[in-house]
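This briefing concerns one protein model with a ligand. It is intended to be read beside the sequence and the three-dimensional view shown here.

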Amino acid sequence: MGGTVIVKAENLRAAVRHIVLAGGSNEREAALVSENLVLANLTGHDSHGIGMLPQYILAVVEKRLQVNQAPTVISDHGAILNLDGNMGYGQVIGHDAMELGIRRARETGVCVVSLRNSHHIGRIGHWGEQCAAAGFVSMHYVNVVGRPPLVAPHGGSDARFATNPYCCALPATEPGGEPVVLDMATSKIAMGKVRVAMNKGEQVAPETLIDNKGNPTTDPNIMFQPGGPKGAILAFGAHKGYGLAVIVEMLAGALTGGGTLHDHNWARNTITNNMLSVIIDPAKLGGAETWRQELATFVKWVKASPAAPGVDQVLVAGEPERNTKAKRLAEGIPIDTNTWNEIIAAGKSVGVGPDQTNAAAGLA
Ligand code: NAD
């Protein structure tokens, strides 16, 4: 308990790539998965980084996650694309789905991408950033099925839906500039952060979790009771966050056809994401120059608010991630030893020895 290893991003990518390849993935898939997971750690979202790899590899071994898949086009209605992720690695399915949507939005000005049946697609900001890098505004609504619910409805005392993330990304206003990326779970915290707290032996913040009777608790272990009744995470922002979570569940689960959580329909116990994305070309709405000026001016305006006591500066969404990325690129990525040991074990399960994993990570 309590130990940490520090690993350089490129070494971490090499270690992850090695294990993913050993699981049967091709080079492209291994590169996309390792790039995506390490970027999550770089941006400070350890919950969606390499700590997910053991779950992914177990799912590969148990054939719940299918390697080397691409999204299938179920139907193509011009500005609406219906895709099936074939339970492939979400890091590949998400990437390819956004590529298809971006290409289409270039022609039509807008594309609604409906993606169902993908294995875990990780940090949703990744997909917003991909659209923003191509110059597009995008909104993404994601639900989670195939796994028991985690989040209680406002006023309820047990979990009924998952952490249902929402992301909206606005492209940079100048070449080399940075996008605005709001990327958030609709729960008080993401489930992966509860796992990270448990692995580190830490408590979570008050008013984040409830036990199985609806009483407040700060103990992350309440979410991991083997076989027993579990607690639940609360929605962010009381009734408002709860309301948004319901909307996200319906847009991502019902509009895509991927399904919603209800009545114990999660028996397959495989994390499955459905995502509804709306990708918009700002140049086709009101003019690219107006958009650029308004966004730049408004961001400057809000950031000019004098910082409140105890706060360094006002930030906009996406900045905390970029700041953490700069620090972790320079100093390396801290990984708690529980998580690292789980990764070593995941490697072993597909024939990669601990020495090989440690050597790839520069820890030999
Ligand atoms: P978070 O609370 O750390 O950040 C949420 C947003 O707030 C971010 O856009 C961030 O840039 C912004 N932010 C943070 N501090 C700020 C500040 N001081 N000023 C201005 N903006 C600030 O994120 P989270 O809710 O814990 O979500 C973590 C990750 O989990 C996300 O990447 C999300 O996509 C992912 N997630 C994925 C799934 C899935 O099923 N694939 C499910 C849930 C969450």
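The points below treat the surroundings of the ligand and then the packing of two helices.

The model is predicted. In it, 22 residues surround the ligand, and the protein covers 77% of the 870 Å² of accessible area that the ligand has on its own. Elsewhere, helix α2 packs with helix α4 at an angle of about 95 degrees.

**Shell around the ligand**

- Of the residues that surround the ligand, the closest are R123, D183, A185, K193 and E321.
- Sorted by class, the shell consists of 11 nonpolar, 7 polar and 4 charged residues.
- Two elements, β7 (180–184) and α9 (319–331), are those that give two or more residues to this shell.
- Strand β7 provides the largest share, with 4 residues.

**Polar contacts with the ligand**

- E321 has a polar side-chain atom that lies 2.6 Å from an oxygen atom of the ligand.
- G122 takes part through its backbone, where a polar atom is 2.9 Å from a nitrogen atom of the ligand.
- H120 places a polar side-chain atom 3.3 Å from a nitrogen atom of the ligand.

**Packing of α2 with α4**

- Helix α2 spans residues 27–42 and helix α4 spans residues 90–108, and their axes are 8 Å apart.
- Because angles of 65 to 115 degrees count as roughly perpendicular, α2 and α4 are roughly perpendicular to each other.
- On the α2 side, the contact is made by R28, E29, L32, V33, N36 and L37, and on the α4 side by Q91, V92, H95 and D96.
- These contact residues divide into 4 nonpolar, 3 polar and 3 charged.

Notes:
Residues are numbered from 1 along each chain as its sequence is written. This is a predicted model: local features need pLDDT of at least 70, side-chain atom pairs count only at pLDDT 80 or more; totals for chains, interfaces and linings use all residues. Side-chain values use heavy atoms; hydrogens and water are left out. A residue is near a molecule or strand if one of its heavy atoms lies within 4 Å of it. A polar contact is a pair of N or O atoms within 3.5 Å; within protein, one must be able to donate a hydrogen and the other to accept it, and residues adjacent in sequence count only if both atoms are side-chain atoms. Accessible areas come from the Shrake-Rupley method with a 1.4 Å probe; for residues, only the protein chains shown count as cover. Ala, Val, Leu, Ile, Met, Phe, Trp, Tyr, Cys and Pro count as nonpolar, Asp, Glu, Lys and Arg as charged, and the others, Gly among them, as polar. Axes are lines fitted to C-alpha atoms, for helices over the stretch in contact, and angles run from 0 to 180 degrees between N-to-C directions. Angles under 35 degrees count as roughly parallel, over 145 as roughly antiparallel, 65 to 115 as roughly perpendicular and the rest as oblique. Contact means heavy atoms within 4.5 Å.
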